[in-house]
Amino acid sequence: MWVGSERHIRALPLRRAFCFRGIVREGRLMVHRVTRDDTTSTVEGLRPFAGYLMYRSIIADRPAEDWTFGELAEHSVFNEESILCGLDRLLELAEAGPVWYPVYDKAACTDDPEKADVRFWFFPADPKRKVPGAPFIIACAGGAYKCVCTMIESIPVAARLNALGYDVVIPNYRVGMEHVMPKPLEDVAATYRAALARKEQLGLEGTSYVVCGFSAGGSLVSEWGVASVGYECFGIPAPRAIFSIYPSLSPWRCGPAYIADIMFGPDATEETYAPYDVPAHVNASYPPTYLLFGARDASVPVKNSVEFARALEEHGVPHRVEVAETAGHGFGDGRDTDAEGWPVRAIHFLEGLA
């Protein structure tokens with residue numbers, strides 16, 4: 001793995017990540033409660049989330065919730081162990097109490113029925129490892145703005161971040177409609193506010209937060225860092241940091257064009273795209289950024305991530321850039337690839353910020 005520039009980062013000891021119910025927990029051999037032959041509808045504790053764990057995802061003309069978890073892993077780059085470990089953690093939390101919350105009130109959902117599906121999961125930090133005063137992390141899964149692959153990306157990563165002592169909020173945001181932007185950004189803002197409205201219930205210690213995203217979610221959180229369309233536009237404080245993981249940045253400049261069409265419609269112009277061109281809007285006040293992408297990514301051009309990295313360097317933004325030389329797209333928490341361990345390194349970056 002080639003590790004790019006780091007600016008204003010001091011070395012701190014790493015915490016050891018572990019899987020809550022994966023291979024080993026607290027020195028004991030564990031067996032997954034969710035198996036590769038299950039679907040979201042065959043596991044009682046997952047049924048309330050059926051249709052949301054892979055929101056609006058259609059694979060080979062079948063809804064993703066109809067596929068077994070093993071079939072999903074065999075059909076794509078999705079990592080089976082990662083999926084099962086994350087879902088075990090979700091089951092553990094769901095059995096302990098509420099984990100799934102609405103974002104918009106009834107009036108807002110009446111005005112826009114799509115908002116009824118905008119909800120969030122809350123994954124609390126392991127109490128034994130919780131970092132006092134740490135920001136909570138909003139983790140946005142990808143899916144080309146056509147779907148939201150939470151089960152593949154955000155949930156397994158949330159389990160690892162919980163083990164490192166961090167609370168995680170996982171939003172289900174609006175997708176699957178023409179000219180979807182800026183609705184996903186509106187949903188990130190609304191999720192932040194909804195989480196803080198339940199601050200005492202969730203045990204959140206403050207208002208500081210990090211945004212983390214994958215693929216389209218990586219694009220989304222990177223755009224969130226552009227003040228004119230992101231956090232400042234919605235009257236929300238800047239994130240403490242951005243974790244941008246194999247982001248599908250600026251697809252109108254360098255493919256895939258269909259993502260740009262979903263984001264802005266087929267008749268969009270350069271004037272429409274310009275406010276969302278992240279590398280063009282990076283400046284010295286852009287939030288500190290951890291950027292990770294695979295050199296063999298065949299789904300989104302790495303050129304756009306390279307330009308993003310260059311802009312961070314040129315403007316002196318505190319950052320860490322990592323390129324996984326043999327990884328492609330969709331590696332989620334990175335296990336079984338040369339991106340393995342990235343959540344630990346991302347937290348190392350965060351904790352090293354001045």
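**Charge pairs, ring contacts and enclosed space**

Arg 36 is partly exposed, with 31% of relative accessible area. In this predicted model, the side chain of Arg 36 takes part in a salt bridge with Glu 74, in which the closest N and O atoms are 2.8 Å apart. The two residues belong to distant parts of the chain, 38 residues apart, with Glu 74 in helix α1 (residues 69-75) and Arg 36 in the loop between β3 (28-29) and β4 (58-59). Glu 74 has a relative accessibility of 58% and therefore counts as exposed, the cut-off for that class being over 50%.

Side chains of opposite charge can pair when their charged atoms come close. In the structure as a whole, 18 salt bridges are counted. Another of these pairs is formed by Arg 56 and Glu 114, with a distance of 3.1 Å from N to O. Arg 56 is placed in the loop between β3 and β4, whereas Glu 114 is placed in the loop between α3 (106-111) and β7 (119-123), so that this salt bridge ties together parts of the chain lying 58 residues apart in sequence. Both partners fall into the partly exposed class, Arg 56 at 36% relative accessibility and Glu 114 at 24%.

A further salt bridge joins Asp 167 and Lys 130, whose closest N and O atoms are 3.0 Å apart. Asp 167 is found in the loop between α4 (154-163) and β9 (168-172), and Lys 130 in the loop between β7 and β8 (136-140), so the pair ties together parts that are 37 residues apart in sequence. The two partners differ in class, since Asp 167 is buried at 6% relative accessibility, while Lys 130 is partly exposed at 26%. Elsewhere, Asp 112, Arg 174, Glu 186 and Asp 187 are joined into one network by salt bridges that share partners.

Turning to the aromatic residues, 21 aromatic pairs are counted. One of them is the pair of Phe 264 and Tyr 273, whose centres are 5.6 Å apart and whose planes meet at 65 degrees, which is an edge-to-face arrangement. Both rings belong to buried residues, with a relative accessible area of 5% for Phe 264 and a relative accessibility of 9% for Tyr 273. Between Tyr 290 and Phe 349 the centres are 6.4 Å apart and the planes stand at 50 degrees, so this pair is classed as tilted. Tyr 290 in strand β12 (residues 289-294) and Phe 349 in helix α12 (residues 342-351) come from distant parts of the chain, 59 residues apart, and both of these residues are buried. The two also belong to a cluster linked by ring pairs, in which they are accompanied by Phe 214, Phe 243, Tyr 246, Phe 331 and Trp 342.

Charged groups are also placed over rings. The charged end of Lys 115 sits over the ring of Tyr 104, at 4.6 Å from its centre, and Arg 62 lies over the face of Trp 67, at 4.3 Å from the ring centre.

Trp 67 is also one of the residues lining the largest cavity. Rolling a probe the size of a water molecule over the atoms shows where empty space is left. A search of the whole structure finds three cavities of 30 Å³ or more, and the largest cavity holds about 50 Å³ of space. Its lining includes Thr 39, Thr 40, Ala 50, Gly 51, Leu 53, Met 54, Ala 64 and Glu 65, together with Trp 67, Phe 69, Leu 72 and Met 151. By class, eight of these residues are nonpolar, three are polar and one is charged; the charged residue is Glu 65, because Glu is assigned to that class.

The largest pocket has a volume of about 610 Å³. It is lined by 27 residues, of which Phe 78, Gly 143, Ala 144, Cys 147 and Cys 149 are the closest to its centre. At least two residues of this lining are supplied by β4, and at least two by α8 (257-264). The lining divides into 14 nonpolar, ten polar and three charged residues.

Finally, Val 210, in strand β10 (residues 209-214), is buried, its relative accessible area being 0%. The C-alpha atom of Val 210 is separated by 6.4 Å from that of Pro 135, although the two residues are 75 residues apart along the chain.

Key:
Residues are numbered from 1 along each chain as its sequence is written. This is a predicted model: local features need pLDDT of at least 70, side-chain atom pairs count only at pLDDT 80 or more; totals for chains, interfaces and linings use all residues. Side-chain values use heavy atoms; hydrogens and water are left out. A salt bridge is a side-chain nitrogen of Lys or Arg within 4 Å of a carboxyl oxygen of Asp or Glu. Helices (H or I, at least four residues) and strands (E, at least two) are DSSP runs, numbered from the N terminus. Buried means under 20% relative accessible area, exposed over 50%, partly exposed in between (1.4 Å probe, protein chains only). On a 1 Å grid over the protein atoms alone, a cavity is a set of points where a 1.4 Å probe fits but cannot get out, and a pocket is an open set with protein on both sides within 12 Å along at least five of seven lines; lining residues have an atom within 4 Å of a point. Grid points are joined across faces, edges and corners, and a volume is the space filled by probe spheres set on the points. Rings of Phe, Tyr and Trp (its six-membered ring) pair if their centres lie within 6.5 Å; planes under 30 degrees apart count as stacked, over 60 as edge-to-face and the rest as tilted. A charge sits over a ring if NZ of Lys or CZ of Arg is within 6 Å of the ring centre and within 35 degrees of the ring normal.
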